Each structure stands twice: as structure tokens, then as C-alpha cells.
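User: Please take a close look at one part of this model, with attention to its aromatic residues and the nonpolar surface beside them. A connected account, with the criteria stated, would be appreciated.

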Amino acid sequence: NMSIARNRLQGIEQLLITDPDELSSNVLMSCERDINQLSDIIEDQYVGFGILASLISVSQKQEEIQQTQNTIKGFEPMDKAMLRLEKKAESLRLQYMLIQQEKSTRKINVLTIIQAVFVPLTFIAGVYGMNFIHMPELEWKYAYLMIWLIFVGLAGGLLIYFYRKGWFD
């Protein structure tokens, strides 16, 4: 069972490295839960054999006592190995969560850039969308073209600024 758990963790680790989108949190949580259950079983057996050894009477053969003590000592490395597997499973789960958090951060950055570009444009459109009789720009021959140039220049300038600051990385 330990080798199955170890192989399962190695498969998850490889998938996390090569293609984390194929991995789901349910797979990680299921693996971690199975490893914890296996660890609990081993720990219960370890404790049970310890109790059994303490109940062995003096009248039994020294060979049987020695065999029981050897069995108990065999559980110590298994217990340590399970602790390592538990830590590795938790580490993989944390790595997965960090990858998912990074994806969310990138999406939020894109939305922030879009908002930063369109808020000033919306303001300008709102100002020129007001119905006033005396707006000197309305009488200019190239006022419409000028407003479009301002829109495109402002949007382009903001995109270039964000690109140079590394927001698109």
C-alpha cells in the first residue's frame, strides 16, 4: 500500500510539473486523505503490537518475545515513511494551490489593465456626451477626428505603459 501511495504521489508530482491544468483539487485531496488513512492504520498497528508486547507473559519463550519486539521495531520505519509521504502530499497540494492562485492573479491583472484603459475613455465620452449648447469644440471642423485621436492615443499610451512595467508577463 505504501508503494502504491508513493507511486500515486509521483504521478501527481509529474502531472503538476508537466500539465497542472489536467490536475484537479479532488485528486490531490483524495490522495492526501488515502495517505492519512494508511498512516492511521500503520500507527494503530504499531500501538497495538506495543500493547501486545507488554501483555506477553514471562512464561512464554524468549524467542516469541524477541519476534514480537522485532515486529514492533519494523513498524518504526514504516511510520517514518508515512510521515514523509504525508508531508509530500501536503507540499504538492500547496504547490497546486499556488499555481491556481497565480492563474487567478493573471486574470485579475488583465481585468485591471482593461479597466485602467477604459475608465479615462469613459470619462471623456461622458463629458462629450453631455448636452450643452456652448461647447467650442463642436464648432471645430476636425473636432470629431481630434477626439478619436485622443481616445486611441490615450488607450495606446496606457497599453504601452503597462507593457513596459511588465504587467503582461
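Analyst: The account below goes from the whole chain to the part in question.

This is a predicted model, in which local features need pLDDT of at least 70, side-chain atom pairs count only at pLDDT 80 or more, and totals for chains, interfaces and linings use all residues. Residues are numbered from 1 along each chain as its sequence is written, and side-chain values use heavy atoms, with hydrogens and water left out.

The chain has four helices and zero strands, in the order α-α-α-α along the sequence; helices (H or I, at least four residues) and strands (E, at least two) are DSSP runs, numbered from the N terminus. Its radius of gyration is 33 Å, well over the 15 Å that the globule rule gives for 169 residues, so the chain is more spread out than a compact globule. That radius is taken over C-alpha atoms, and the globule rule is 2.2 Å times the number of residues to the power 0.38. Along the principal axes, the C-alpha atoms fill a box of roughly 115 × 30 × 20 Å. Buried residues make up 23% of the 169 residues, where buried means under 20% relative accessible area, exposed over 50%, and partly exposed in between (1.4 Å probe, protein chains only).

Within helix 4 (residues 143–164) lies L145, which is partly exposed because its relative accessibility is 47%. L145 joins Y142, M146, L149 and I150 in a nonpolar surface patch of about 500 Å². Such patches are made of residues with over 30% relative accessible area and no salt bridge (a side-chain nitrogen of Lys or Arg within 4 Å of a carboxyl oxygen of Asp or Glu); like charges are joined within 9 Å and nonpolar side chains (Val, Leu, Ile, Met, Phe, Trp, Tyr) within 5 Å. Areas come from the Shrake-Rupley method with a 1.4 Å probe, and for residues only the protein chains shown count as cover.

Turning to the aromatic rings, those of Phe, Tyr and Trp (its six-membered ring) pair if their centres lie within 6.5 Å; planes under 30 degrees apart count as stacked, over 60 as edge-to-face and the rest as tilted. By this rule there are three aromatic pairs. Y144 and W148 are edge-to-face because their ring centres are 6.4 Å apart and their planes stand at 70°. These two residues are four apart in helix 4, and therefore separated by about one helical turn. Y144 is exposed at 64% relative accessibility, whereas W148 is partly exposed at 43%. Y161 and F162 also form an edge-to-face pair, 5.6 Å centre to centre with 65° between the planes. Y161 is partly exposed at 45%, while F162 is buried at 7%. Y144 and W148 belong with F151 to one aromatic cluster.
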